[in-house]
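Visitor: Could you take me on a close look at a single part of this molecule? I am in my first year, so please explain the terms as you go.

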Amino acid sequence: MRRTRLLLVAQMMLLLVGCIADEVGGVYLVNADVDELPSSKDYGAEVFFQAGDSWRAWSSEAWLSVIPNEGESGRNGIILRTMSANRSRERRQATVIIESGGKQQTVTVWQRNDYALFDQRTYKVEAQGGEVNMTFESNVAKDSLLIMYLPSDWYAWDKDSLKTRAADWRGNIKTLYVKPNPSRMERSAYIMLVRKADRRIDYQVMDTTWVYQAGDSLGMDIETERLP
């Protein structure tokens, strides 16, 4: 009996939503509120709605995509996804428009302005090696900001290489020591500023920079000078 009542309630709700969709102009938003999206790329949220007819949807801003962007009548869902990181240092807004039957409903979406940005997108080092003073700007708490990279034998951090929290850096500067490059080939490495969320395992890449080291013109190219 209880299950029958629940089914009846569910059916009544679907009928009510369909009627409201017609009365509101073809679209009824089941969830009109969207939480603020992180400042990084490739984060999203879902919006569900009831459409009285075929529908289409689009975003007012290029940094936010809508997937899918069209469909048939009935209960539907779309994914709103950030296409780029917010590097403006200002919280930004986009409007998502859903249209059905010639009428529209809108959803406002915000992307946060928390940031951690390297002052340079690339660092170049000569073949003989040397020091690279990497600097950054951020409004993220230093205890939550990490520097992440792939371990390598041709570069190392100053002092304790295991201290990767921003709180352990000297201010907003991190010195990278690069060894001489014995090969003719250029080599590179990428380094990321990563935010670690509190109380859960969740890492958000805030920014990435690359280190390029030139090859030694007099060095041996292992690939091209291998003995027969």
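Visitor: Let us pick Asp-114: is Asp-114 buried or exposed?

Guide: Happy to help! This is a predicted model, in which local features need pLDDT of at least 70 and side-chain atom pairs count only at pLDDT 80 or more, while totals for chains, interfaces and linings use all residues. Residues are numbered from 1 along each chain as its sequence is written, and side-chain values use heavy atoms, with hydrogens and water left out.

Now to your residue. Asp-114 is buried, because its relative accessible area is 9%. Here buried means under 20% relative accessible area, exposed means over 50%, and partly exposed is in between, with a 1.4 Å probe and protein chains only.

Asp-114 has charged company. Its side chain meets that of Arg-195 in a salt bridge, at 2.2 Å from N to O. The term salt bridge stands for a side-chain nitrogen of Lys or Arg within 4 Å of a carboxyl oxygen of Asp or Glu. Asp-114 sits in the loop between strand S8 (103-111) and S9, and Arg-195 in strand S15 (residues 187-196), so this pair ties together parts that are 81 residues apart in sequence. The strands (E, at least two residues) are DSSP runs, numbered from the N terminus.

Arg-112 also joins in: its side chain and that of Asp-114 form a salt bridge with an N to O distance of 3.6 Å. Arg-112 is partly exposed, at 26% relative accessible area, and Arg-195 is partly exposed with 26%. Through shared partners, salt bridges link Arg-112, Asp-114 and Arg-195 into one network. A search of the whole structure finds 5 salt bridges.

Next, look for empty space. Rolling a probe the size of a water molecule over the atoms shows where such space is left. A cavity is a set of points, on a 1 Å grid over the protein atoms alone, where a 1.4 Å probe fits but cannot get out; lining residues have an atom within 4 Å of a point. The count comes to 1 cavity of 30 Å³ or more. The largest cavity holds about 40 Å³ of space, a volume being the space filled by probe spheres set on the grid points, which are joined across faces, edges and corners.

Asp-114 is one of the residues that line the largest cavity, and others include Tyr-115, Ala-116, Leu-117 and Met-206. The lining divides into 5 nonpolar, 3 polar and 1 charged. For this split, Ala, Val, Leu, Ile, Met, Phe, Trp, Tyr, Cys and Pro count as nonpolar, Asp, Glu, Lys and Arg as charged, and the others, Gly among them, as polar.

Definitions and conventions: On a 1 Å grid over the protein atoms alone, a cavity is a set of points where a 1.4 Å probe fits but cannot get out, and a pocket is an open set with protein on both sides within 12 Å along at least five of seven lines; lining residues have an atom within 4 Å of a point. Helices (H or I, at least four residues) and strands (E, at least two) are DSSP runs, numbered from the N terminus.
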